[in-house]
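Q: Hey, can you walk me through this one? I'm new to it.

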Amino acid sequence: MFETLRSFLKTDFEKELFNEAFKNLNNKESKIRHCNFAYALRSLIDCIFDERISEENIKNAPWYKKESNERDITRRQRYKYFIQGDADDYFINEIIKFDSIDKISNKFNKAIHKLSKYTHITSKTFNISDSEINLFIENIDRVSAGFFDSIVSIKAKLIEKLELWLYESINDTFISTTIQEIDERCTHYSIDYIDVNSIEILNKDDSSYFFDISTPFEIEAEGDIEVEHQFGSDGDCRRGDGLRFNKSYPYKVRFRITIPSIREIIGDEKEYDSLANYSEKQKNKLDKLFMDEFYRNVELIDYKVQTFNYH
């Protein structure tokens, strides 16, 4: 139970508090075991969201708007930032196609409000039945799992997109650069095709919010490159004196990329605020501008073919 939440705990304090919460819950002799559990779990969740996310970062997020007269930042906004970070709503909803962050954050916020109900000992929360406790615990577990799982899901969505977007950059890398070790061994070579088998984001941490797009992403792609080798001239090959054959080589390539800011692409704040009313034609135009800017921001770090390293 609560294994998804446990996987996001970072410090010894968070892990110890998590364990203490369950010690309280499992104390069947206590008539307020669920209240003690709720108090400890609520404190743990507050620590996660208050200590890992600064108010300044939330206020600087392009989607931030003050929602309450009582406080600058609401709990719901903290939860949203934990998943989405400083990425534009348009990037998340329209480009990544992960349009459920607000729904997930709202649902989690409601579950935490319900959790808070049990942190106060009253005649209504004292000595409630085991079945009521179990129902309350199962609901909190399910909602929190959905919330923290969304961070993993949104990363998977981004990787799907990166596999498509970076294919062009990987092709350009090998087509525009001579692979010296192959070139030295044959008269000519040509690339038949390139497969992208996997893409990994090297410098982003799942245990905090994921979309910190203010810093570049370091991406490593792995795959196979199919090369046609030619020994001898074209005439030699036609006469049977030459040789052509194909060979596949594993490769790794590393890029540094910066996710473009939709707000900066648009430039005008009023226009940016009207994104929700964009027509399909306007969205298509903006998507093209985004991709053009994306490819301008792709920086090749290095690549390897077999055991050879090229810079």
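A: Sure, let's begin with Lys-252, which counts as partly exposed at 36% relative accessibility (buried is under 20% relative accessible area, exposed over 50%, partly exposed in between, with a 1.4 Å probe and protein chains only). This is a predicted model, where local features need pLDDT of at least 70, side-chain atom pairs count only at pLDDT 80 or more, and totals for chains, interfaces and linings use all residues. Residues are numbered from 1 along each chain as its sequence is written, and side-chain values use heavy atoms, with hydrogens and water left out.

Q: Which residue forms a salt bridge with Lys-252?
A: Glu-222 does, with the closest N and O atoms 3.8 Å apart. A salt bridge here is a side-chain nitrogen of Lys or Arg within 4 Å of a carboxyl oxygen of Asp or Glu.

Q: And is Glu-222 buried or exposed?
A: Glu-222 is partly exposed, at 31% relative accessibility.

Q: How many salt bridges does the structure hold?
A: There are 28. One of them pairs Lys-80 with Asp-102, closest N and O atoms 3.3 Å apart.

Q: Lys-80, buried or exposed?
A: Lys-80 counts as buried, at 4% relative accessibility. Its partner Asp-102 is partly exposed at 36%.

Q: Switching topic: which residues in α5 meet α8?
A: Tyr-79, Phe-82 and Ile-83 in α5 meet Phe-147, Phe-148, Ser-150, Ile-151 and Ile-154 in α8, where contact means heavy atoms within 4.5 Å.

Q: What about charged residues there?
A: The contact of α5 with α8 has no charged residues, just seven nonpolar and one polar (Ala, Val, Leu, Ile, Met, Phe, Trp, Tyr, Cys and Pro count as nonpolar, Asp, Glu, Lys and Arg as charged, and the others, Gly among them, as polar).

Key:
Helices (H or I, at least four residues) and strands (E, at least two) are DSSP runs, numbered from the N terminus.
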